[in-house]
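Here are a few exercises to work through with the model open beside you. Try each one before you read its solution.

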Amino acid sequence: MKSIAVNQTQKEKGSRLAELDALRGLAVLTVMLYHYTYAYDFHFNLFSDHKFYLSHGNLAVHLFFIISGFVIFMTLERSKNKFDFIVSRFSRLYPAYWTAIFLTAFIITILPVPTLGHYTPKEILYNITMFQGFTKVRLIDQVYWTLKMELTFYILMYGLYLGRLLRKIEIICIAWLTLSLISSFFSIPLKKYIDVLFILEYAPLFFAGINFYRIKTNGASILNNVIIGISFVVECKWLLTHPDENYGSLVILAGIYALFYLFTYEKLSWLNNKVLLFLGTISYSLYLLHNVIGYTIIYRLRQFSDLQLFYVTVPLIFSILLATFLTYAIEKPALKYIRDAYKKWKARKVVYETKTLVKEPLSNG
């Protein structure tokens, strides 16, 4: 009976966290439609009064950052040693990313698009590291800009984990948000470097995710809710520093925060449907692949037809099919292989250390 109860609890937890996949699915679909409608026509100066444009779809990236804050803090709390987090992130990010780089470079080479050009070996090599965002080397795909934010956040949070400071995360969030707010208003000394080092423009979103996690796992807390409120206000200030954003953007951001509150208090089951859950499952691969590859398809389709439903739907379907292949042929098998190998290494390490400890007293005797 006890094991049945445990399994049931695990299923309930899995079901609740499945809603994160639904949110990922919603976010990646929104980003795709933004790129295929607004961003493409902006890039090539093709705007028309008779077409649909998801002009604020780029704000779905903000939802991704909140999800990252939630998931990364959860992962760090569950990490039993300093290598667990590194292996977890490497296995999750790099195999699919490397394959996406190869596929994007290959397709843009055989199906070039004006202004995108060809990639040099140097650009490909730098991009393989995933740290190209910290250099002046061109990104293989412009959507990779978010990887710089994610990696910076991972490194900073890992530093807090190593320093055993996660238990003071609320105090750290408040201090960090204060610095972010000051930087959004004033030209502080070394602002350019401090903004990058502490990802001040997007830190409020990551911290919102962390505090949503704290509420979901520890129950409602006035402090955590206050921090989430502060993070929203600070992020609104950063949004308004961009000429393309307006008060409508703030309404959308408020909607994103509201969605995550619904998730936190388990009121988002209505969003769980097969389409969004599936898109959430392939969301990482789909995000990496859809942009440049989609542009190569749209560029050619619009030479035959300017029907938006046609030239948006085709790359949408193609990108989903390609991302499905990447997810199930590369991403998931590689993740399992790396993590299984790591578990075996840890098991052998424990056995070796146990044998060493047993032998030492004998040798000293």
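**Exercise 1.** Work out whether Glu331 is buried or exposed, then find its salt-bridge partner.

*Solution.* Start with accessibility: Glu331 has 5% relative accessibility, so it counts as buried (buried is under 20% relative accessible area, exposed over 50%, partly exposed in between, with a 1.4 Å probe and protein chains only). Next, look for the partner: the Glu331 side chain meets that of Arg92 in a salt bridge, 2.6 Å from N to O (a salt bridge is a side-chain nitrogen of Lys or Arg within 4 Å of a carboxyl oxygen of Asp or Glu). Then place the two: Glu331 sits in helix H13 and Arg92 in helix H3, 239 residues apart, so this pair links distant parts of the chain (helices are DSSP runs of H or I, at least four residues, and strands are runs of E, at least two, numbered from the N terminus). Arg92 itself is partly exposed, at 21%.

Before going on, a word on the ground rules. This is a predicted model, where local features need pLDDT of at least 70 and side-chain atom pairs count only at pLDDT 80 or more, while totals for chains, interfaces and linings use all residues. Residues are numbered from 1 along each chain as its sequence is written, and side-chain values use heavy atoms, leaving out hydrogens and water.

**Exercise 2.** Trace the salt-bridge network that includes Asp306.

*Solution.* First, take Lys51: its salt bridge to Asp306 has the closest N and O atoms 2.7 Å apart. That pair spans 255 residues, from the loop between helices H1 and H2 to the loop between H12 and H13. Second, Asp306 also meets Arg302, at 3.1 Å from N to O. Third, add Asp41, and you've got the network: Asp41, Lys51, Arg302 and Asp306. As for burial, Lys51 is buried at 15% relative accessibility, Arg302 is buried at 15% too, and Asp306 is partly exposed at 44%.

**Exercise 3.** Check whether the length of helix H5 agrees or disagrees with what you'd expect.

*Solution.* Helix H5 covers residues 145-162, 18 residues. The expected span is 1.5 Å times one less than the number of residues, which gives 26 Å for H5; its end C-alpha atoms are 27 Å apart, so that agrees. Now for its surroundings: 14 of the 18 residues are buried, so H5 is largely enclosed by the rest of the structure. Just after H5, Arg164 takes a positive phi of about 55 degrees.
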